[in-house]
Amino acid sequence: MRFEDQRALLVQELTQEGITDERVLNAFRKVPRELFVSPQYLEYAYRNQPLPIDCYQTISQPLMIAIMLQYLELNPEDIVLEIGTGSGYQTALLAELAKEVCTIERIETLSLKAQELLKNLGYKNIHFRIGDGTQGWQKAYPPYKEFNKIIVSAAAREIPPKLKEQLADQGIMVIPVGTGYYQILHRVVRDKDRFIITKHGGCTFVPLVST
Ligand code: SAH
């Protein structure tokens, strides 16, 4: 089956699983996941499952990404911070849904690969940093001090204080929290100095490694 048709079937599956945000579904209709998976897993590119990528990391499960994007309530004006660029697949989805995306990856090899791929795909609203994402965005350019939306794609022991600091007032962060194989997806909404945290079921991510 052509990748295009497989992509349409995946979107159907996401709809059946309860994803209703049309903008999120449209982004999934557009981004070619086959370019982000390792060549040996090409035939599984549109299965609703995570897959291994280089450096012992994983490209996240499409449904998990969709759930997180839906919780973020993204709009075209949003400035987004992503921790854990990985393959860059979710970064591309974010770039479709928001105004600017700042993405941090600690493993240089992965970041450089994602940078090349995303530039070749024509994205101009993505900014990359190699380093520890728990410290937040620290680059002089673009000089963002806070973000409307923050998405963390690796499991944190606790919500990193720097990320709370960099969440704008009324901003939303989604982050898996936990130490074992299973974690709980947390959604944090900032209301001035208050952080309203709700929990949204189990998930499995590689650990967020802070240096
Ligand atoms: N959304 C990505 C997920 C990749 S897996 C995808 O679908 O491809 C999570 C990524 O987080 C890994 O690449 C890992 O190296 C990275 N990571 C872990 N701890 C990190 C940290 N402290 N800062 C930045 N990236 C981190």
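Here are some questions and answers on salt bridges in this predicted model.

Q: Why is the contact between E22 and R29 called a salt bridge?
A: The two side chains meet at 3.6 Å, N to O. The cut-off is within 4 Å for a Lys or Arg nitrogen and an Asp or Glu carboxyl oxygen, so the pair qualifies.

Q: What makes E22 and R29 partly exposed?
A: E22 has a relative accessibility of 46%, and R29 has a relative accessible area of 40%. Partly exposed lies between under 20% and over 50%, so both residues get that label.

Q: What does the salt bridge of E96 and K30 tie together?
A: The closest N and O atoms of E96 and K30 are 3.1 Å apart. E96 lies in helix α4 (residues 89-97) and K30 in helix α2 (residues 22-30), so the pair links parts that are 66 residues apart in sequence.

Q: Why is K30 called exposed?
A: K30 has a relative accessible area of 53%. Exposed means over 50%, so K30 earns the word. Its partner E96, at 23%, is partly exposed.

Q: How do you know that K149 and D78 are buried?
A: K149 has a relative accessible area of 5%, and D78 comes to 4%. Buried means under 20%, so both fit. Their side chains meet in a salt bridge at 2.7 Å, N to O. K149 lies in strand β6 (residues 147-152) and D78 in the loop between α3 (62-72) and β3 (79-83), so this pair ties together parts 71 residues apart in sequence.

Q: How many salt bridges does the rule give?
A: The count comes to nine.

Definitions and conventions: Residues numbered from 1 in each chain as written. Predicted model: local features only at pLDDT ≥ 70, side-chain atom pairs only at ≥ 80, totals over all residues. Heavy atoms only, no water. Buried < 20%, exposed > 50% of the residue type's maximum accessible area, 1.4 Å probe, protein only. Helix = DSSP H or I, 4+ residues; strand = E, 2+ residues; numbered from the N terminus.
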